Amino acid sequence: MSQLNQTELQNLRHLIGAHDTAHQKLQAYAQQATDPEIKKFFEDGAQGAMKTKQQLLGFLS
């Protein structure tokens, strides 16, 4: 894999942080939800955000 320049690295870090924040918020929303369908919606979103974060972290290795 090619080396990332400073701008690409900074953008990648911002994206990783944004997906981490989304994951945390969606998890919190899921914990507060009482409707099973809404709870699952937030849990699925949190899982997707974590998966994307992990994929983005792969670019750092």
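A residue counts as partly exposed when its relative accessible area lies between the buried class, under 20%, and the exposed class, over 50%. L60 has 41% relative accessibility, so L60 is partly exposed. The model discussed here is predicted.

**The nonpolar patch**

L60 sits in the segment after α2. L60 also belongs to a nonpolar surface patch. The other members are L4, L57 and F59. The patch covers about 320 Å².

F59 also figures in a pairing of positions from far along the chain. Q3 and F59 are 56 residues apart in sequence. Their C-alpha atoms are separated by 9.7 Å. Q3 lies in the segment before α1. With a relative accessible area of 74%, Q3 is exposed, because that value is over 50%.

**The salt bridges**

How many salt bridges does the structure hold? There are two.

One joins D20 to K53. Their closest N and O atoms are 3.1 Å apart. This pair links distant parts of the chain, with the two positions 33 residues apart in numbering. D20 is in helix α1, which spans residues 6–32. K53 is in helix α2, which spans residues 36–57.

The other joins K40 to D44. Here the closest N and O atoms are 2.8 Å apart. Both residues are in helix α2. They are four residues apart, so about one helical turn separates them.

**Exposure of the paired residues**

The table lists the relative accessible area of each salt-bridge residue.

| Residue | Relative accessible area | Class |
|---|---|---|
| D20 | 22% | partly exposed |
| K53 | 16% | buried |
| K40 | 48% | partly exposed |
| D44 | 37% | partly exposed |

Is K53 buried or exposed? K53 is buried, because its 16% falls under the 20% cut-off. Its partner D20, at 22%, counts as partly exposed.

**Around K53**

Which residues does K53 contact, leaving aside its neighbours within four places in sequence? They are I16, H19 and D20. D20 is also the salt-bridge partner of K53. K53 itself has its place in helix α2, while D20 belongs to helix α1.

**In brief**

The D20–K53 salt bridge links helix α1 with helix α2. The K40–D44 salt bridge stays within helix α2. L4, L57, F59 and L60 make the nonpolar surface patch.

Conventions. Residues numbered from 1 in each chain as written. Predicted model: local features only at pLDDT ≥ 70, side-chain atom pairs only at ≥ 80, totals over all residues. Heavy atoms only, no water. Salt bridge = Lys/Arg side-chain N within 4 Å of Asp/Glu carboxyl O. Buried < 20%, exposed > 50% of the residue type's maximum accessible area, 1.4 Å probe, protein only. Patch = residues over 30% accessible without salt bridge, like charges linked within 9 Å, V, L, I, M, F, W, Y side chains within 5 Å. Areas by Shrake-Rupley, 256 points an atom, 1.4 Å probe, with all protein chains shown as cover. Contact = heavy atoms within 4.5 Å.
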